[in-house]
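Subject: A structure for you to look through

Dear colleague,

I am passing on a structure that I have been reading through, and my notes on it follow below. Please keep the sequence and the model open side by side as you read.

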Amino acid sequence: MNIKKILIIGLVLIAVSASLTALSAETKTTSHTKILENNKLTLDDINFIIPDGYKEVETETDSTEIDDDNENDTEDIDGTPVDDSTKCEFKNSQGDEIEIEVGIKANNEKIESINPANSEQKTIANKEGYLIKDTNDGKEQFKFEYLENGKIVKIVANSEDIIGQIIG
């Protein structure tokens, strides 16, 4: 057979294979928004108030990915599976830290329920959620998780009062 014909057939087979792979791939569409102006933070359309004295130190976005074994490397927030999450961290001059994380599902799916381990049901700033008391580097730490608009919100701070201020 002519070498040109073999090359053309090979290219056609590669093109068909790539097209089938693209068609069969699962598509997940998510988008993230983050706005921080005048101590007002908006993460994925959820509003927060950053207390005076805190400065942003890091923002991180994680997504569910396919690992080397062709399986989902699923992200989660304390056991609640999410397709994407955005986390912002803040610190004040005393070394106190705040972490705010919002997790979302792809394709406008909603997270229906959460129940993190070792938590108690609590209402803070009119948000019903779950409070987890913990110790980190010898300091007492509070984690509050709740659902808003089908998204999971997690706030970590050194007191319930700070969490209430953040939720507003």
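How many residues lie between E13 and E14 in the hairpin that they form, and which residue in the turn has a positive phi? Before I answer, please bear in mind that this is a predicted model. The hairpin of E13 and E14 has two residues between its strands, and asparagine 149, which sits in the turn, has a positive phi of about 55 degrees. The two strands run antiparallel and are joined by seven bridges, and across this pairing glutamate 145 stands opposite lysine 154 in E14.

On its other pairing, E13 meets strand E12, which covers residues 127-136, again in the antiparallel sense and over eight bridges. Here glycine 129 stands opposite tyrosine 146 in E13. E12 and E13 also make a hairpin with two residues between the strands, and in that hairpin aspartate 137 takes a positive phi near 55 degrees.

Is E13 largely enclosed or largely open? It is largely enclosed by the rest of the structure, because seven of its ten residues are buried, where buried means under 20% relative accessible area. For the chain as a whole, which has 168 residues, 34% count as buried.

E13 also takes part in the largest pocket, which has a volume of about 310 Å³. Strand E10 (97-104), strand E13 (139-148) and strand E14 (151-157) are the elements that give two or more residues to the lining of this pocket, and the largest share, four residues, comes from E13. There are 14 lining residues, and those that lie nearest the centre of the pocket are Gly95, Glu97, Asn136, Lys139 and Gln141. By character, the lining divides into three nonpolar, four polar and seven charged residues.

Finally, some values for the whole chain may help you to place these details. Its secondary structure comes to two helices and 14 strands. Among contacts between residues at least 6 apart in sequence, 50% join residues at least 24 apart. The chain exposes about 10700 Å², of which carbon and sulfur atoms supply 45%.

If you would like a place to begin, I suggest following E13 from its hairpin with E12 to its hairpin with E14, and then turning to the four residues that E13 gives to the lining of the largest pocket.

With best wishes

Key:
Residues are numbered from 1 along each chain as its sequence is written. This is a predicted model: local features need pLDDT of at least 70, side-chain atom pairs count only at pLDDT 80 or more; totals for chains, interfaces and linings use all residues. Side-chain values use heavy atoms; hydrogens and water are left out. On a 1 Å grid over the protein atoms alone, a cavity is a set of points where a 1.4 Å probe fits but cannot get out, and a pocket is an open set with protein on both sides within 12 Å along at least five of seven lines; lining residues have an atom within 4 Å of a point. Grid points are joined across faces, edges and corners, and a volume is the space filled by probe spheres set on the points. Ala, Val, Leu, Ile, Met, Phe, Trp, Tyr, Cys and Pro count as nonpolar, Asp, Glu, Lys and Arg as charged, and the others, Gly among them, as polar. Buried means under 20% relative accessible area, exposed over 50%, partly exposed in between (1.4 Å probe, protein chains only). Two strands pair if DSSP finds at least two bridges between them. Contact means heavy atoms within 4.5 Å. Accessible areas come from the Shrake-Rupley method with a 1.4 Å probe; for residues, only the protein chains shown count as cover.
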